[in-house]
Amino acid sequence: MSAAVKSATESDAAAFAISVALHGLLLALPLVASLYGHVASPKSQPELPNSIAMVGNSIEVEAPTPEVAAAPASPAAPEPEPQPVDVKSLPAEPVAPPKPAPALEPTAVDTAGAPAPTKPHPKPRRKADAKPTAKPQAASEASTAAGAEAPTSGAPAAGTFGQEGLAPGVRRLGYAFTRAIPAASPADAAWRELPTGHVGTIRVELAIDDANHLGELKLWQARPGEAEPPAVLKRMVERTLILLRAGQFALSGSNQPGSERLIIDVTIRDDEADAEGADVVVQKKFDGAAVGHPGKAYFRYGSGRAVEAKITIATSGR
């Protein structure tokens, strides 16, 4: 019995030892394989040539090795031979009829058989340039009520400087003197008190110097022993010259310095009265004097009292 037990115990121990040895072998196999592979494999895998990195991508594409590059490509399939086409079997396409050429107009032929020459088109006529017209002189100064009337005669205006050869601002003396009378005279109260009719005549001589300024005033007589002109006419001339002293003038018939004689004849009359008042000047007008053309100066009060002066430029024979 003890021998049997001893035999069984020995067999169990042997089986246990074998089992332990097998388990140890199983555990040692991976380690032995790794060690064997490390010894058998080369130290490092050779680096492949011609490595190409794509910018912006984390994948590197390896260039083909010489063995792969040298591999022959597969032969391409042969292209099929073109088959002949039966033209007669194809459907006929409609052909558009040709467009007719535009008919040419017949050319006029003269009796000699040659084409008639084309008549040249007449050139348009240019309109004649309009001649510049001289601007008329500005109208006389406005009156306090109805306003002064413009000159009605063909006497030369005071400001046609370019045609008369006068410098800018220079006016004809006879024209300017006539124009200034209605502006300067109405302030004299004697015109409202004098009787109607012919007041009188005054003759004056005015000088113009080289600078076109007025000179000394002189009275002259048509004949010796002629009566003195009324005082109201003297005041009329003096008041008129006060307005003219600051201006520049030329003789009515010349651009040269010299003297000019004027004849002033005055008349008073009573016209229809206005409702605006007796002491108010309601109308002024004038017609400038020129050589050969007597001028007129006129002013009227609201009472109807009207004063008219006739201005004549005296010639050498008068």
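This passage walks through the overall make-up of one protein chain, then a pair of helices, then a run of paired strands.

The model is a predicted one. Its protein chain holds six helices and 10 strands. Of the 318 residues in the chain, 26% are buried. About 23,100 Å² of the protein chain is exposed, and carbon and sulfur atoms supply 60% of that area. As for contacts with a separation of 6 or more, 68% of them link residues 24 or more positions apart.

Next come the helices. Two packed helices are described by the angle between their axes and the distance between the axes. Here, helix 4 (residues 173–184) and helix 6 (residues 231–244) have axes that come within 9 Å and cross at roughly 110 degrees. Angles of 65 to 115 degrees count as roughly perpendicular, so helix 4 is roughly perpendicular to helix 6. On the helix 4 side, the contact is made by A176, F177, A180, I181, A183 and A184. Helix 6 meets them with M236, V237, R239, T240, L241, L243 and L244. Sorted by character, the residues of this contact come out as 11 nonpolar, one polar and one charged.

The strands offer another set of pairings, with strand 7 (residues 258–270) taking part in two of them. Strand 4 (residues 197–208) runs antiparallel to strand 7, and 11 bridges join the two. Within this pairing, I202 has I264 in strand 7 as its bridge partner. Strand 7 also runs antiparallel to strand 10 (residues 305–313), this time with nine bridges. There, D265 is partnered by K310 in strand 10.

Key: Residues numbered from 1 in each chain as written. Predicted model: local features only at pLDDT ≥ 70, side-chain atom pairs only at ≥ 80, totals over all residues. Heavy atoms only, no water. Axes fitted to C-alpha atoms, helices over the stretch in contact; angles between N-to-C directions. Helix = DSSP H or I, 4+ residues; strand = E, 2+ residues; numbered from the N terminus. Parallel < 35°, antiparallel > 145°, perpendicular 65-115°, else oblique. Contact = heavy atoms within 4.5 Å. Nonpolar A, V, L, I, M, F, W, Y, C, P; charged D, E, K, R; others polar. Buried < 20%, exposed > 50% of the residue type's maximum accessible area, 1.4 Å probe, protein only. Areas by Shrake-Rupley, 256 points an atom, 1.4 Å probe, with all protein chains shown as cover. Pairing = 2+ DSSP bridges.
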